[in-house]
Every structure is written in C-alpha cells, then in structure tokens.
Amino acid sequence: MSLGSGTIAAMDYQALYRKYRPQLFSEVIGQDHVTTTLSREVIEGKVAHAYLFAGPRGTGKTTTARLLAKSLNCENRAANGEPCNDCLSCASVAEGNSLDVIELDAASHNKVEDVREIRANVGTVAVAGGARKVYILDEAHMLSRAAGNALLKTLEEPPEHVIFVLATTEPYKLLDTIRSRAQRFDFLPVPVEILIDYLAEISRREGFDVTSDGLAGVATHAKGSVRDAMSLLEQVAALGGGSVEASVVARALGLADRDAFAKLAEAISNQDAPAALALVSELAARGGDLRRFVAEAMGFFRGVFLAQYAPNLEEIADEPIDTLVEWRRHAQSLSAAEVLRAVDQLSEALLHLRQGREERLVTELTLIRLTRPETSVDADALNVRLERLEQQRHSGGGAATPAVAGSGEPVPAPVPESTAVATPAEHVDDEDSTAPFEAAVEPAPTVVPDPAVPVPPDESSVESDSSLVEAATEETVAQVDIATFESAWPAIAARMRDLAGPSRHALLKEVQPVRVDDGTVVFELPAHLPFHLQQLRADRELHTLLQQAAAELMGGAVGIEFRAHVATERPQVSAAEPSRTPDEHELLDEDEGAIDPTDLVVDILGGEIIDE
C-alpha cells in the first residue's frame, strides 16, 4: 500500500510553471501591452476573429490565449474583463477539458487533411449557450504551405462564434496572407529585474532559501523566459536542498561561477597565462561545461565592450546592477583592442567547439592567445601589443608628474640626460633632390615638453623650407629596426588618414620605409614622382603628425626623412664590344666623333644608301 500511496503522491505533484500558471490577465508578467489590449477588447465587445501571438518561448503566448477564451466564455466576468475563475466554464478551461477551447499542435496537424477537418468542425459543430469556440494553434509556423493556404478562407471569414489564435516563435515563417488576416501581438522577453521579483515571490510561497545572486543567476540564464526560469528554479532548489545560491546555480548548469570571468579579465590584463590555464583546469576538475564557459565569457566581454562605449549602459543591457558595475570595473583595466580581440577569439573558439573539436585544448589555446598576444600573428594581436607598450610608456618613466606629499601641486619629473631634441639641418644642395638631410642634436630643455604639442625647431638652424626632419616631441627615442617599423607601417598609415586627411594620406601611400639610421626612418619615393617628394619635404605639419603617429605605436620618438629612390648605375660597357646597344645620348648627340645612326644601320644590315 505504501508503494501505491507514494506513486499517487508523486503523480499529484505539479511542476512550478504549471502550478503557478496565471489565471488572470493581471497575473501575466512582462506583457502588459498585450493583456491590457485584450481585456479592453473583451469589455467593449470588439474581439477580432483571428489573433497571432508571436514571441520567444515561455513568455505566455498559450497562457494568454487560454485567458482570452476563459474571459470570453465566463458567466460572471468582472468589469475589467477578468474571468471569475469560479463558474463551470472557467473551471473547465483551467482544467483543460473545455469543449469550447480546442488546442492543436501544428507540428502534428500540419497537413491539408487536418485543416479540412478543422474547417468541417468549424462549420458544423454548434455551440450551446452562445459561447465562443476558440481554436488555439500552437507552433503555427509548422503548417505546410498547402495547409496554410487551405486555412486562409476559414481564417479570414470564420463563423461569428469562432475565434482563431495562432501562437508561434517564428512568425516570419508564416505565409504573408496568414499574417495579414490576424491581429498580431508581440510577446517580449521578460526583463531580468521583473523576473527576479517574480522568482522571489514564488520562492517565498515554496519556502526556498534564496540569495540575490542565486535568483539573478537563474533569471539571467532564463533569457527572458518565465517557464525556463521556473524550471531552473525548481532544479536548483532540488539540488541545493531548498537553497538557491549562485554556487548551486553554477553546479546545476555546469557553469563557471561569477568570479571566473573576473579572473579571466585580470589574467588578460596582466598577461598571466598560468592563471588562465589554472582557471580552465579548475573548471574541468569540477565538471564544468567548457563550451558554455566560452559562450558566457564572450557575453561577458561583450558587456565590457558596451561599458567602454555606452554611457547609458542601463538602458541597453538587461542585466542586474551588480553585473553592470562589474563590467564598468573591467572596462577600466582592459583596453578596447584587448576586449574586441577577446570577443573575436572566443567566438572563433566557439565555432571550433561546435564542430566537435577537443574542448579543453581549444579553450586553453584561446586563453593563451588572449594572455600572450606575442603567440599570435594576426594584426589584432599586434595592435594589442602596441597599445600595451604605449600604456607602459605613459604610465612609467619621465612622462609622469608625481605630486609632492602633502601638496596638491604636481612637480615636473626629471629629464634623462640622454634625452635630446632633433632639429632640422640646412639643406646641402637645393638642386640635388636625393641628397640626405641630417638632424642636429641639441641639449634638451630643462622643462619637459608636452607630448601633445610639437617642439618648434630653432630658427637659426633653418635656412630652407625643404628641411626634412621635425623636432622630436617624445621624452625617449624609440629603439626600432626596419623590420619592426615595416610591420607597424600599415597601422601608422591608417592612423595618418584620420590625423592628416585623405589628400596627405594619398601622398604617404607612395612612400616606402627602407632603413633606419640612428633613430631616423628613411622613406623612399619612386624617382618619377619629384612633385610628391617636394610636397612631402615642404609639409612640416605632416612631418609632425607622422612623428606623433609613429611615436604612439613605436613607444618613442623617431625621426622622419624622405628621399628619392636612386637606381643602381649600369656597369660601363667597352666601346669595342660588337653587341653593345648605343645609349640614347649617343644616338642624339651630333658632336664630332659621335656615332651616326645611318652609318650604324648600314653597317649592321650590310646595305647601301641610294639617294633619289
């Protein structure tokens, strides 16, 4: 007997989402725009003949359709359109055995024969007492094209006592002719804060011991679905013995806890690869789902990215306040390049994981690339490394202005003795466009120059407008070789497009860095572009902007010099060599002793000249 009693008790149990299914329009959460409109239509007697309820799963589409049927057939309907829930009609609808509410699953009734049966029942079955017959068609997008076309006429002009309600999660799959015949209502995902309050009330009724972090974790992972949230709440409470905490939520879903993403962000900021690998090891040891961890980490860095660029974060992100605060905190410690690269790398890793790759290996390799950009050869990794060098240069060394203890005034930092300011030298020869130009080095001033303001050159050392080397504006000279500069040149040129404009950027597209001489980068132009060379040499503002852009990416000041490309001279060929081709000046030179082109042709062809 005891076994039978236990079986009966188990059968009497209802899942939370069924036990607390709304029985009034006012109990439907997060869909006020739908329930308010429907209740007013019921009160005013302006109910449409067909409705289309569209929205994500678990947001109340079928429940609202039942409430509409209950309100229409209620014998003691309230003045605000709410059903009484006491009459026989309301009880039968709530129990699911009403003859006036027909629920069909379009996934299993998607043939033309099924639609024909519906049409026959609509036209022949009489309804007693003037009640309304409501057809609820779930997953309406599963109807075949032929079945949808067969339903069109009945859907457009059903009998007066018949109402159709089509519920779907994918309304775009329905025929346009069906959508145009129905009054559409879009059900929205329930906001996290509203869902947290609703779960807290359910937990109070059930006697669960909950924490704010636990409820926030349940609501966040439900993605706006009330049914998913209720199912997850029930699962977590069962696992935790009536306790709903963040750690229990992580165990129930196989997720990393909230601190895992903070640890990952700190590992990327500190370039701490061992810490990132230890995090993966910890998750794997707990049986965590690494694929879900990668997906959640991508969502985390998306939030950090939004925190960096969106001041109105609360308006565009449906997350708890604690999560928004954490995003903003990590947005200060990570650069924009690091965050964007993290999103790209994690999304690529997620694709590999969905293809069945080794989960732990793919995750570890991805975190290695994020914490050690030098292990990756992509352009984004180079940008991250250059940004980090720039941050290190600005955060340490002579650029800082520390304040004296007890005073609020900054004290200029000492200038290293090796710091020098390069000034342009005199043009050696105005007529020689290929002559090199050297920078005169003078002692640095005692006041540290502002990196944002270029230092003007000494007017006494400038005797020509074609000076090539601009004054250095940085505190330290970059130690760079030509290979490093060539790899960074595309990024510098792209930066110059924003700084100098498209016309100047077009001039720079013609130059090519060829070598580095004592901290000065030598650019060469083709010899057939003397006008470009003249413009580049004369544009002093362009020099300053180019030096600034190079200094930002190279971590120190660099000199700039433009030269024309000089072709290697051909070796001299002996005049006695019979196969030598005459030079152009020899063919055109009419001086005495020059080669006569006519005699040369006669000699080669072995002919004679006939005068006519």
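This is a guided tour of the chain, one selection at a time.

**Start with the whole chain**

Show everything as a cartoon. The model is predicted. The chain has 612 residues, and 41% of them are buried. Look for 26 helices and twelve strands. Among contacts with a separation of 6 or more, 73% join residues 24 or more positions apart.

**Color by confidence**

Now color by pLDDT. The mean for the chain is 77. Of the residues, 73% reach 70 or more.

Select residues 1-10. Their pLDDT stays under 50. How many contacts beyond four places in sequence does the model have for this stretch? It has zero.

Next select residues 397-475. Here too the pLDDT is below 50. Yet the model gives this stretch 127 contacts beyond near neighbours in sequence. Take care here: where pLDDT is low, the predicted coordinates should not be read in detail.

**Select the cysteines**

Show cysteine 84 and cysteine 74 as sticks. How far is the sulfur of cysteine 74 from that of cysteine 84? The distance is 3.3 Å. A disulfide needs two cysteine sulfur atoms within 2.5 Å, so cysteine 84 is in no disulfide.

Move on to cysteine 90. Its nearest cysteine sulfur belongs to cysteine 87, also at 3.3 Å. Cysteine 90 is in no disulfide either. The count for the model is zero disulfides. Is cysteine 90 buried or exposed? It is buried, because its relative accessible area is 1%, and the cut-off for buried is under 20%.

**Go to leucine 104**

Select residues 101-105. This is strand S2, and leucine 104 is in it. Leucine 104 counts as buried because its relative accessibility is 17%. Now show what surrounds this residue. Leaving aside neighbours within four places in sequence, leucine 104 contacts His109, Ile118, Ile136, Leu137 and Asp138.

Add glutamate 139. Leucine 104 and glutamate 139 are 35 residues apart in sequence. Their C-alpha atoms are 9.0 Å apart in space.

**Open up the largest core**

Select Leu264, Phe293, Val294, Phe300, Phe301, Leu313 and Trp327. They belong to the largest nonpolar core, which has 35 residues. These seven touch the most other members.

Which elements give two or more residues to this core? Select them by range:

- helix H13, 258-270
- helix H14, 273-285
- helix H15, 290-309
- helix H17, 321-333
- helix H18, 336-354
- helix H19, 359-371

H15 provides the largest share, nine residues.

Zoom in on phenylalanine 300. Beyond four places in sequence, it touches Phe261, Ala265, Glu326, Trp327 and His330.

There is also a second, separate core, with 28 residues. Select some of its members: Ala219, Ala229, Met230 and Ala237 are among them.

**Step out along H17**

Return to helix H17 and pick glutamine 332. Is this residue buried or exposed? Glutamine 332 is exposed, because its relative accessible area is 71%, and the cut-off for exposed is over 50%.

Add glutamine 308. The two glutamines, 332 and 308, are 24 residues apart along the chain. Their C-alpha atoms are separated by 7.8 Å.

**Finish at the open sheet**

Select 512-517 and 559-564, which are strands S10 and S12. Add strand S11, residues 520-525. The three strands form an open sheet in the order S10-S11-S12, with mixed pairing. S10 and S12 each have a single partner strand, so one side of each is left without a neighbour in the sheet. Look along the sheet for its twist: neighbouring strands are turned by 30° against each other on average, direction ignored.

Focus on S10 and S11. They pair in the antiparallel sense over five bridges. Arginine 515 has valine 522 as its bridge partner in S11. Valine 516 stands opposite valine 521. In a regular strand the side chains alternate between the two faces of the sheet.

S10 and S11 form a hairpin with two residues between them. In the turn, pick aspartate 518: its phi is positive, at about 50°.

Last, add two helices. Helix H21, residues 482-500, lies across S10 and S11 and runs at about 145° to S10. Helix H24, residues 540-554, packs on the sheet and touches S11 and S12. The direction of H24 makes about 125° with that of S12.

Notes. Residues are numbered from 1 along each chain as its sequence is written. This is a predicted model: local features need pLDDT of at least 70, side-chain atom pairs count only at pLDDT 80 or more; totals for chains, interfaces and linings use all residues. Side-chain values use heavy atoms; hydrogens and water are left out. Buried means under 20% relative accessible area, exposed over 50%, partly exposed in between (1.4 Å probe, protein chains only). A nonpolar core is a set of buried Ala, Val, Leu, Ile, Met, Phe, Trp, Tyr and Cys residues joined through side-chain atoms within 4.5 Å. Helices (H or I, at least four residues) and strands (E, at least two) are DSSP runs, numbered from the N terminus. Contact means heavy atoms within 4.5 Å. Two strands pair if DSSP finds at least two bridges between them. Axes are lines fitted to C-alpha atoms, for helices over the stretch in contact, and angles run from 0 to 180 degrees between N-to-C directions. pLDDT is the predictor's confidence in each residue, from 0 to 100.
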